[in-house]
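Reader: Could you take me through a protein structure step by step, with the reasoning behind each answer?

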Amino acid sequence: MLGDRWSLLIVRDLMVRGFRTFKEFQGSSERIATNILADRLQKLEAKGIVTAEVEESDGRKVNYRLTEKGIDLAPVLLELLIWGARHEETGAPRALIVEMEKNREGVLAEVRRRWRNRDTTPLLPKFKVRKERR
């Protein structure tokens with residue numbers, strides 16, 4: 001269900017970056033192909049992790065949102081974010097990661113509050129993503 005990297009990145013972007021639209025996911029620094037993005041969103045929706053909602057002001061626009069099942073992945077995703085920043089160069093401000101490590105429960109409570117209130121304010125500020133050298 002979450003075994004490929006794209007599904008986890010979509011869940012991450014919904015949960016932490018406040019992404020909601022296909023276009024926002026497509027514009028992410030990971031550069032997911034359109035066909036793969038459409039496939040993963042469909043699979044996440046079929047598994048009950050994501051729901052697609054037609055925007056009230058524009059019936060042509062779809063917004064994606066985590067379901068209760070999806071938001072329950074928050075503790076797992078938080079640990080992956082902390083682990084990744086500890087062991088790899090992610091570009092995330094070190095002070096922010098240290099604060100998240102110290103205050104896991106507070107971070108998780110804030111993630112749930114934003115989800116409940118449909119607050120799309122990103123949990124993590126934008127920061128420069130460093131490209132991997134080949």
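The questions below concern a predicted model, and they turn to its nonpolar core and its salt bridges.

Reader: Which helix gives the most residues to the largest nonpolar core?

Author: In soluble globular proteins, nonpolar side chains tend to be buried together. Here the largest nonpolar core has 32 residues, and Val11, Met15, Phe25 and Leu66 touch the most other members. Among the elements that give two or more residues to this core are helix 1 (5-15), helix 3 (34-46) and strand 2 (58-66), and the one that gives the most, with six residues, is helix 1.

Reader: Which element holds glutamate 53, the salt-bridge partner of arginine 118?

Author: Side chains of opposite charge can pair when their charged atoms come close. In the pair of arginine 118 and glutamate 53, the closest N and O atoms are 2.9 Å apart. The two residues lie 65 residues apart in the chain, with arginine 118 in the segment after helix 7 and glutamate 53 in strand 1 (residues 50-55).

Reader: Is arginine 114, which forms a salt bridge with glutamate 110, buried or exposed?

Author: The side chains of arginine 114 and glutamate 110 meet in a salt bridge at 2.6 Å, N to O. Because they are four residues apart in helix 7, about one helical turn separates them. Glutamate 110 has a relative accessible area of 23%, so this residue is partly exposed. Since buried means under 20% relative accessible area, arginine 114, at 16%, counts as buried.

Definitions and conventions. Residues numbered from 1 in each chain as written. Predicted model: local features only at pLDDT ≥ 70, side-chain atom pairs only at ≥ 80, totals over all residues. Heavy atoms only, no water. Core = buried A, V, L, I, M, F, W, Y, C linked by side-chain atoms within 4.5 Å. Buried < 20%, exposed > 50% of the residue type's maximum accessible area, 1.4 Å probe, protein only. Salt bridge = Lys/Arg side-chain N within 4 Å of Asp/Glu carboxyl O.
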